[in-house]
Amino acid sequence: MTTDAQSTRSTGSLTKGHLSPLDQLRLFEKKYDAVSTGIIGRLPLAPIWRCLDLGAGAGSLSYWLAERVSEGSVLALDTDTGYLEPGRADNLSVRQEDLTAAEFPDGTFDLIIARAVLEHLREPEEALRRITRWLAPGGWLVAEDFYYLPAEHAPTPVGRALVGAYVRRMEAQGADMRWARGLPAALARAGLTDVDSKVTPAGPGQSAADDELIGTRLRQEGHTLVDSGLVTAEQLADFIDSLGTPRGQDMTTLLISAWGQRPLTD
């Protein structure tokens, strides 16, 4: 997950300076690492593989991979590498760079991971085509992005306000919060074969990590929704109280995971 603490890319907070980017990255990893590693674990991962983790965030996937490709290598790339530990493994390296500016020779990597990255780009499909060229013949790409369900369909006023505000902020920064729906088809258009996909729901009640992140944000920052007149203080308090209970369950977004292989001969 790529996060630029200075700037233009939203951390998901309603206001800046409350829930830190590192806090959010760790909660994100807590929820989604099992999904990502489960997918990678089904691939023919070999100890000699050369791996690229795009938008490495706090590094959990890079560290996990470094243990499994002991004779290979892992390159963790992000616009902000301040949360990464280059010395965590001998076969791990870190590079601070935007993937839209990065260049690698064709066939450099056996595995590329792009988790919660492509949706933030103004031309995600063009970036996807570039990335696939970096794969060696027979190499694999695992891409994961979020598809946001319509905010107006949320069952509570707080849910509608929260999702709506987040989506508007991300779209104002150039993100496409609907693009992930076509991710499997995009991998096929980029020339990958054996494309498959998985959908993981997120939102209140979907996991303990979801409730922890949502509850923390709203306890710190929910007043902004009240101050703007989007919800009442009573509605906000009731929403927070409902977290972890059946009446508080909702699906606000879907993580679309898709993966495919570069053909042995193009």
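Me: In this predicted model, what makes the crossing of α1 and α2 right-handed or left-handed?
Reply: The rule looks at how the near helix is turned from the far one, by less than a right angle: clockwise counts as right-handed. The axes of α1 (residues 21-41) and α2 (residues 60-68) cross at roughly 35° and come within 10 Å. α1 passes α2 in a right-handed crossing, so the turn is clockwise.

Me: Which residues of α1 and α2 meet?
Reply: E29, D33, S36, T37, I40 and G41 of α1 meet S60, L61, W64 and L65 of α2. By class, four are nonpolar, four polar and two charged. G41 goes with the polar residues, because Gly is counted there.

Me: Why is L236 called buried?
Reply: Buried requires a relative accessible area under 20%. L236 has 10%, therefore it is buried. Its place is in helix α8 (residues 233-242). Leaving aside neighbours within four places in sequence, L236 is in contact with V158, L218, G222, H223 and V226.

Me: What makes β3 and β6 edge strands?
Reply: Each of them pairs on one side only. The open sheet has seven strands in the order β3-β2-β1-β4-β5-β7-β6, with mixed pairing.

Me: How do you know that β6 pairs with β7?
Reply: Pairing needs at least two bridges between the strands. Eight bridges join β6 to β7 (residues 253-261), so the two strands pair. β6 and β7 run antiparallel, and V199 stands opposite I256 in β7.

Conventions:
Residues numbered from 1 in each chain as written. Predicted model: local features only at pLDDT ≥ 70, side-chain atom pairs only at ≥ 80, totals over all residues. Heavy atoms only, no water. Helix = DSSP H or I, 4+ residues; strand = E, 2+ residues; numbered from the N terminus. Buried < 20%, exposed > 50% of the residue type's maximum accessible area, 1.4 Å probe, protein only. Contact = heavy atoms within 4.5 Å. Axes fitted to C-alpha atoms, helices over the stretch in contact; angles between N-to-C directions.
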